[in-house]
Every structure is written in structure tokens, then in C-alpha cells.
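Hi everyone, thanks for coming. I'd like to walk you through one structure today, going from the overall layout down to a few individual residues.

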Amino acid sequence: MYKVKTLNSIAPVGLDNLEKTKYIVSDEIDAPDAVLVRSANMLKYEFNPELLCIARAGAGTNNIPVDQCGEQGIVVFNTPGANAGAVKELVLCALLLSSRDIIGGIDWVRTIAEKGDEIGALVEKGKAAFVGPELFGKTLGVIGLGAVGAKIAHDAVALGMTVYGYDPYLSVEAAWRISSNVIHAKDIETIYKNCDYITIHVPYLESTHHLIDGCAMAMMKSGVRIINLARAELVCDDDIVEAIESGKVACYVTDFPNAKTARSPKVIAIPHLGASTPESEDNCAVMAAMEIVDYLENGNITNSVNMPSAVLPRTNDPRICVIHKNIPDMIAKITSAVSSLGINIENMVNASTKGRMQAYTIIDVQALAPGLEEKIKAVEGVIRVRSIC
Ligand SMILES: NC(=O)C1=CN([C@@H]2O[C@H](COP(=O)(O)OP(=O)(O)OC[C@H]3O[C@@H](n4cnc5c(N)ncnc54)[C@H](O)[C@@H]3O)[C@@H](O)[C@H]2O)C=CC1
Ligand SMILES: O=C(O)C(=O)COP(=O)(O)O
């Protein structure tokens, strides 16, 4: 039986993919083969030696020590695009909330709720305090044009906004998803200088820490509205609070409130609801569970953030899966280790990604033999070996 530990609540439709005859799934498992997680912080998690993979049912993996996992031969998966629709809808909502003082207005109506027949007249008299601009005809800057950013850019064009998009690392596949009406910003300053609204959709990495800070805001239009449903640390809290107090930033919407932003009256702080729809929770859970199944049962890797993709269709042959350093001569040494035991290789695939420290090889063999795993493990640069019957 495979053991899967859940660190967050995972949609049951996803867990249904882990057949009860083959998997024990619980939040109280010791020494799991796989971990299923959403936003639980794993940065200080103690990895048991049996742990083969972690599937993040969602997009951001900054709660997982991805590089350390790679070094230990633990494959980390995420579920690209599976919750992008939910995030997009909340961003559209955030754009409207940042513009029209709907929240202030609703709060005020509550204060006059006991005024009986006077309410109608009070509303007409008081509504002028909650006026805010329309989105139509304004400029929106989208930083990061991946699964979420591309959808926002598309819908904002449909709302009549002029949309600038910035993403220097855009994959060719993602580029096909961008509406041709989106203006290609060649540098981030173009976004800062031209946009009335700016929304961020990049992963949180060392290189994106405080992407929006005081210097960035100094370049922006006065009265800019900033939406951050990606990660708190992408924006410098001290600088944004100061920019709000000075009036430079008219509104900041964040899905990641903290001690500094939650108390600021011009910050709309949402309790991390970007992916919290039944549809997205189901999509993410199903994709994450299937990634675990395909890796544990077949050794196939799809949507990993620390290993290359590698899929070899199953036959009746047993299979050896090898995670190794991405350095020259590894395949020759691994295949020699197999042939030194007189075992024939039936089929194999090797995958590496430029710049990634680990590579992966799947070898289908005629038969497994005693000592085979140990022989491959002894090859310098091999990180992890697993055989699957
Ligand atoms: N609030 C929520 O519940 C959710 C938040 N997120 C956050 O949003 C982020 C984006 O999600 P997806 O669009 O699904 O991810 P994605 O991986 O599809 O897209 C990210 C894009 O950012 C681009 N990028 C990376 N560094 C950049 C930089 N310095 N400048 C400009 N572009 C850069 C990449 O090229 C990629 O196209 C996630 O990493 C996660 O942190 C995602 C889903 C739900
Ligand atoms: O997918 C992401 O990056 C998210 O932030 C969603 O987080 P959650 O799964 O709702 O805890």
C-alpha cells in the first residue's frame, strides 16, 4: 500500500483517484510516500527518507523547499492553470472593488439600517461619498502573463480597458494564449508609467521579492490602484502603506493580509480566497492526485517544478526510475550498471531541463535482478533509484 499524507483539506473528488485498495490517505500518516498539500508551510518540514513526491494542489510552490527536495530526490508537482479561472474572477472583482467604493458604501448602509423610512432619502443624500471611476477606457498593466495573467488580460480587453502585459519569461505555449489586443510592454517601467490599474501574477521567488516597492511606486501615476492576488511578499508593505497615506496609491487589494496591511483603511484585504471555489478546489485536487498516482505507480513525471517531465508508456516490463545529477556521462554509467548484470534494456527515456540541477531517467528492463538498485545507486551523481514491477 502507498501512504499519502494530506497537510490541508483536499477535495474528495481528487482523493477518489487514490484507490482504497492501493492507497492509505490520512492527515496522520507517518513516513508517507507522498504528500498532498495546498498552502501549508513545509519550509521547515522534516522529510522522511521514504518520501517520493509532494503534490501542491494549486499554483504557488513557495511554501515548499523545492530546491532542497530536488537535492533529496523528492519530486514536487503543482497543478498549472487548475485554479486560474477562480483567481481571474476574483481579480475582476478586485478591480471593481478598488475603483467603486462598494465596500465603504455597504458598510455605511449598515450604519443607517435602523433609520426606517428615512433610509431611501439618506441613501440619495449620502451616496456621493462613495463615487469611484469606471474601468472602461482606463489602462491596466498585467505583470506575469501565465495561466492567471493571460485570462485577466483577455477579459480586461473585453471590459474596454487598454491592457499592457509584461512577462519576459513567457513560454511559447503561454504566448499563444495572449489576446493580440494586449500591448506588449518590453520593460516593467512601461507598466508603471502608463497604467491606472496594475495587477501582479508572478510566482514569489528571491528575484520577485518586493517587486513593487517605493521606487516602483514613484514611477506610477498618482492615484494608481494595485491588485496583488499572487503573494504578499511581492509588494513591500511599508512602502505601500506609505504610498496609500500620501495618496500616491488610491487603493491596494491583497489576497494575503498581514499585520501591516490589514489595518490600513485604503487596503482591501481578502482572506486568501483566490482559489477558493468548489470548481478550482476540485480541479486542483484531481490533477494533483493523478500526478501522484502516475509517479508512484509508473514513475512518470508531469508538471513538476523541480524535475523535468518524463513519460514512458507502461508495458509489462519492470521499470527502474533514476533521479540523478544533470551532468555529463550519467546515462552511459547508469546503462552500463544495468548491462553489467546481463540485463537487457527494453526501452528508456531520459529527460533534463537546461539550468535544472536534477535529471531523470526511466528504464524498462527485461527483468529486475538482485543488486541492480544498489549497483545504480553506487554510480556517482545518482540521487535516487526506485524499481517498479
Ligand atoms: N490567491 C490565490 O489563491 C492564488 C495565487 N496564485 C499566485 O499567482 C501566481 C501566478 O499564478 P499562475 O498564473 O497560475 O502561474 P503561471 O506559472 O502560469 O504564471 C506565472 C507567470 O509569471 C511570469 N514571471 C515570472 N517571473 C516574472 C517576472 N519577474 N516578471 C514578469 N513575469 C514573470 C512567468 O513567465 C509566468 O508566465 C502563483 O505563483 C501564485 O503565487 C495562483 C493561484 C491562486
Ligand atoms: O494556488 C495557489 O498558488 C494559491 O495561492 C491557492 O492557495 P490555496 O490552495 O487556496 O491554499
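How far apart do the C-alpha centres of domain 1 and domain 3 lie? The answer is 23 Å. Please keep in mind that this is a predicted model.

Let me place those domains for you. The domain assignment splits the chain into domain 1, made of 1-82 + 278-307, domain 2, covering 84-269, and domain 3, covering 308-389. Where domain 1 and domain 3 touch, ten residues come from domain 1 and 17 residues from domain 3. On the domain 1 side of that contact, the classes are two nonpolar, eight polar and no charged residues.

There is also a record to mention here. UniProt, in an unreviewed entry, lists residues 319-389 as "domain: ACT". In our model, that stretch is 23% helix and 41% strand, and its end C-alpha atoms sit 6 Å apart.

Now to the ligand. Where does ligand 1 lie with respect to domain 1 and domain 2? Both domains give residues to the shell around ligand 1, so the ligand lies between them. That shell has 32 residues, and the closest are Gly60, Gly144, Gly146, Tyr169 and Gly274. Two elements, helix H3 (84-99) and helix H6 (147-158), each give two or more residues to the shell. H6 gives the most, with three residues. By class, the shell divides into 19 nonpolar, ten polar and three charged residues.

Next, a helix I'd like you to find on the screen: H10, residues 237-246. Its buried residues are Ile240, Ala243 and Ile244. Why do I say that they line one face? Looking down the axis of H10, you see the buried residues fall within an arc of 100°, so they line one face of the helix. That buried set packs against helix H9 (214-219), strand S11 (249-254) and strand S12 (267-269). Turn the helix around, and the face away from the buried side shows you the exposed residues Asp238, Glu245 and Ser246. Just after H10 comes Gly247, with a positive phi of about 90°.

While we're on positive phi, here are two residues that are not glycines. Ala31 has a positive phi of about 50°, and Ala31 sits in the loop between strand S2 (23-26) and strand S3 (34-37). Is Ala31 buried or exposed? Ala31 has 10 other C-beta atoms within 10 Å, so it is exposed. Asp329 has a positive phi of about 80°, and its place is the loop between strand S13 (319-325) and helix H12 (330-339). Asp329 is exposed too, because 10 other C-beta atoms lie within 10 Å of it.

One last stop, Thr302. You'll find Thr302 in the loop between helix H11 (278-298) and S13. Thr302 counts as partly exposed, because it has 14 C-beta neighbours inside 10 Å. Leaving aside residues up to four places away in sequence, Thr302 touches Glu291, Asp294, Ser309 and Val311. For a sense of distance, Thr302 and Leu95 are 207 residues apart along the chain, and their C-alpha atoms are separated by 34 Å.

That's my tour. Thanks for listening, and I'm happy to go back to any of these views.

Methods
Residues numbered from 1 in each chain as written. Chains lettered and ligands numbered in written order. Predicted model: local features only at pLDDT ≥ 70, side-chain atom pairs only at ≥ 80, totals over all residues. Buried ≥ 20, exposed ≤ 12 C-beta atoms within 10 Å, placed from the backbone. Helix = DSSP H or I, 4+ residues; strand = E, 2+ residues; numbered from the N terminus. Arc of directions from axis to C-beta. Contact = placed C-beta atoms within 7 Å. Near = placed C-beta within 6 Å. Nonpolar A, V, L, I, M, F, W, Y, C, P; charged D, E, K, R; others polar. Domains from an automatic or database assignment. UniProt positions renumbered as here; feature names shortened; annotations may be inferred.
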